Amino acid sequence: MQSELTEHNKTIYDSMFPLYEQQHVEIFNRTEQTRIRTELQWALDQILSSANPPRTLDFGAGTGNLTRHLLDLGAFVTAADVSKECLKHLIDTVGRTGRLNTILLNGSDLAHVPAESFDMVATYSVLHHIPDYLASVRELVRIIKPGGIIVIDHENSPRFWEGDTNYARY
């Protein structure tokens, strides 16, 4: 089941990436973008590890919403997503900055990412796309450095989570 859902997500995002930002005006508007940037700046300021610039992971990067902010704020960014097309689009949009890497996610774990690799991990409206999001949160904890920060920005949608036993554990 998990692999089927992951493949479904890949197919959807590989095909819709050119229209994603136009279809999500609730995200890509001045008010929400200002809120996101302020939150990310605050989180970067809280990092207690010593990397400069901080190494950050945009988990579920999509077309680069968080990645663009993190780069503008001076971070070194690894954008990670299950959609190869979204990552290609992100590189085409942002360009080669020298502070951007990408990781194609397998949809189940971050086993290829060493423990304590990042000063900050940020994810925005991604967890509801992941079949076992609790396992993903454990992976984020594993790859964060001591003194690092994890930012999970996710809308509250009781309708979506209704009847989900994992949500009760979360």
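Start with the whole chain in cartoon view: along the sequence, the elements run α-α-α-β-α-β-α-β-β-α-β-α-α. This is a predicted model, with 8 helices and 5 strands in the protein.

Keep everything selected and colour by accessibility. Of the 170 residues, 44% count as buried. The surface that remains exposed comes to about 9,200 Å², and 53% of it is supplied by carbon and sulfur atoms. If you draw contacts with a separation of 6 or more, 68% of them join residues 24 or more positions apart.

Next, go to the inside. In soluble globular proteins, nonpolar side chains tend to be buried together. Here, the largest nonpolar core has 22 residues; select Leu40, Leu70 and Met120, the members that touch the most others. Then select the elements that each supply at least two residues of this core: the helices α3 (30–46), α4 (65–72) and α5 (84–94), and the strands β2 (76–81), β4 (118–124) and β5 (144–153). The largest share, 4 residues, comes from α3.

Now centre on Leu40. Which residues does Leu40 contact, leaving aside its neighbours within four places in sequence? Show Leu66, His69, Leu70 and Leu73, then add Met120 and Ala122; these are the contacts of Leu40 beyond that range. Two of the residues picked out earlier, Leu70 and Met120, are in this list.

For the last stop, select Leu105, Phe118, Val121 and Val137. These are among the 19 residues of another core, which lies apart from the one around Leu40.

Definitions and conventions. Residues are numbered from 1 along each chain as its sequence is written. This is a predicted model: local features need pLDDT of at least 70, side-chain atom pairs count only at pLDDT 80 or more; totals for chains, interfaces and linings use all residues. Side-chain values use heavy atoms; hydrogens and water are left out. Buried means under 20% relative accessible area, exposed over 50%, partly exposed in between (1.4 Å probe, protein chains only). Contact means heavy atoms within 4.5 Å. Accessible areas come from the Shrake-Rupley method with a 1.4 Å probe; for residues, only the protein chains shown count as cover. A nonpolar core is a set of buried Ala, Val, Leu, Ile, Met, Phe, Trp, Tyr and Cys residues joined through side-chain atoms within 4.5 Å.
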